[in-house]
Amino acid sequence: MAGMTVAPRRWIARLAAAAGLLVTVVALLIAPATPASAHAVLSSSSPAASAVVPSGPSEVVLTFTESVRKVPDKVRVIAPDGSRADRGEPSFDGAVVTIPVDPSGGRGTYLVTFRVISADSHPVSGAFTYSVGAPTTPPVDAGNDSRANPVVVNAVKVARFLGYAGLVLLVGPVLVLAALWPRRLSRRGPSRLAWTGLGLVALATIADLWLQVPYTAGGGIFAVTGEGFGSVFGSAFGAAHLVRLGLLAASAFLLRPMLARPAGRADAIILAVLGAAALLTWPLAGHPAASPAPAVSVVVDAVHLGSMAVWLGGLLMLAGFLLRQADERELGAILPIWSRWAALAVSALLLAGTVQALIEVATFDALVSTTYGRLLLAKIGLFAIVIAVAAYSRQMVRRRVAAQRPVPVRRAVWVELAVTAVVLGLSATLVQTTPARTAVAEPSGTQAGLFTTTLSSPLYSLRVELDPAQRGNNSIHLYAYAPDNQSQPLPVAEWKATAALPSAGIEPIDVPLLPLVDNHAYGDVSLPAAGDWQLKITVRTTDIDQATVTATVPIR
């Protein structure tokens, strides 16, 4: 009777797992296709930025470097009198956004503000002006708060970290219980750890879905709407997270019998397939799906993530249970097997990480000059420490002294886990940081009449755009960002700028600046001579904190 009772339960579990796989396939089929690039940049507009047109256009067209998606009510055109000039909803067609505009609006300067979502699920915002007839004082879009809320940004990083930690807590116990656990030892502790990991992954996935609404639209952690959720659920990001939840639910049916007793071969294979499918949902919802080689990046990132979970999860099981509870004979059998598994996982981790870095960084300059590159270097340094400690443990296993002296091995394992916890934190930050290849690919220098550069200070990172970078009238746009995160807008209390040409004896000329939004200012300046002009900009971020940066601008 007992055997007849267990068999139907196993069939039910397998059917539930099969249903989870079916949900995965269907969701991936209906998920919107993701283009092969990341972090969209506005490449052109019609009318062009700072252009003066004789009559009001019937539409404003924005063209980005990649396909973008809508953030509800975050694309606007403001008339000179401060009223809304856009009419109806903007249309999105790949990389082109068309905004219907009232052509009978008054003469003067119009402000275009936008916030859209790039292919890798990160928000991109900006603003520019154009004038009808003649320039006037630019209006302010008081109703378009597109600032990234720091609480939301940090909460997203915490949710990503919890997801990674949960994956480690889930994979380690399942793997060890299925293949290395001595039959005489109780399975209660590892089982509780596995259920905790499953719960953390599920909680982090739900938190990701919730936080994506205010993260992309701007606003506080509870600034969510039905339309916002609809936009998230209809994206590749939302589809990947919903698939993950479905796979977690299906996996729970197989986990219960596997954690309680040794599992059958068929159950183990189905659970492994479910786990592999779940691993793919992480890269499908982030940078890899929008890289220049998305298929390669997605697979490599999944291998990287899976290798990390196997290695760290196994280490946790060794330190927390086996090295304390198993006897010398059992450790003599377990440790050599684990050592080979760990070597394989670390090799896959290094290979996948190298391929990933080559794709996301691309050049040595990007590695050392971008936030993403510097975070990656820190991660590599910490990983080198972990590898050194792991080599010490492996030598003890090879000399067959680890089973007799488990305490030193256990201490080394705890050191590995402590350092890799920091590595996981860096990884959670990396997935929210603009890839290095994209950061350095943004226009720099004089291209097609536009001078662009990014200046850094301890208080802020400042993007400077001067158009057309020629003798005569020029428009200048300044964008302030957090010093350690060039995707996080930084509110500015006061802007000041001067332009000078010492080689021609031209003293500093004050550049009048008008704040358009909290982190964006605009101004016009007449540069009467060609040469290397010295642009000096002072930005005050609080009542007492300010810093000055300078740039040399070649004017032709």
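Me: The expected span of a helix is 1.5 Å times one less than its number of residues, so how far does α6 reach from its first C-alpha to its last?
Reply: Happy to start there; this is a predicted model, in which local features need pLDDT of at least 70, side-chain atom pairs count only at pLDDT 80 or more, and totals for chains, interfaces and linings use all residues. Residues are numbered from 1 along each chain as its sequence is written, and side-chain values use heavy atoms, without hydrogens and water. Helices are DSSP runs of H or I with at least four residues, strands are E runs of at least two, and both are numbered from the N terminus. Helix α6 covers residues 265-284, 20 residues in total, for which 28 Å is expected, and the model comes close to that with 29 Å.

Me: Which residues of α6 are buried?
Reply: Buried means under 20% relative accessible area, with a 1.4 Å probe and protein chains only. The buried residues of α6 are D267, L271, L274, A277, A278, L279, T281, W282 and P283.

Me: Which residues line the largest cavity?
Reply: A cavity is a set of points on a 1 Å grid over the protein atoms alone where a 1.4 Å probe fits but cannot get out, and lining residues have an atom within 4 Å of a point. Grid points are joined across faces, edges and corners, and the volume is the space filled by probe spheres set on the points. There are three cavities of 30 Å³ or more, and the largest holds about 60 Å³. Its lining consists of L466, A499, V525, L527, W533, L535, V553 and I555.

Me: Which elements give two or more residues to that lining?
Reply: The lining of the largest cavity has eight nonpolar residues, no polar and no charged (Ala, Val, Leu, Ile, Met, Phe, Trp, Tyr, Cys and Pro count as nonpolar, Asp, Glu, Lys and Arg as charged, the others, Gly among them, as polar). The elements that give two or more are β17 (520-527), β18 (531-540) and β19 (546-555).

Me: In the sheet β15-β14-β18-β19, which are the edge strands?
Reply: Two strands pair if DSSP finds at least two bridges between them. This open sheet of four strands is antiparallel, and β18 and β19 are joined by 10 bridges, with V539 opposite A547 in β19. Pairing on one side only marks the edge strands, β15 (506-510) and β19.

Me: Which residue in β8 stands opposite V53?
Reply: Another open sheet of four strands, with mixed pairing, has the order β2-β8-β7-β4. Strands β2 and β8 (residues 123-132) run parallel, joined by two bridges. Opposite V53 in β8 stands V132.

Methods:
1 Å grid on protein atoms, 1.4 Å probe; cavity = no way out; pocket = protein on both sides within 12 Å on 5 of 7 lines; lining within 4 Å. Expected span 1.5 Å × (residues − 1). Buried < 20%, exposed > 50% of the residue type's maximum accessible area, 1.4 Å probe, protein only.
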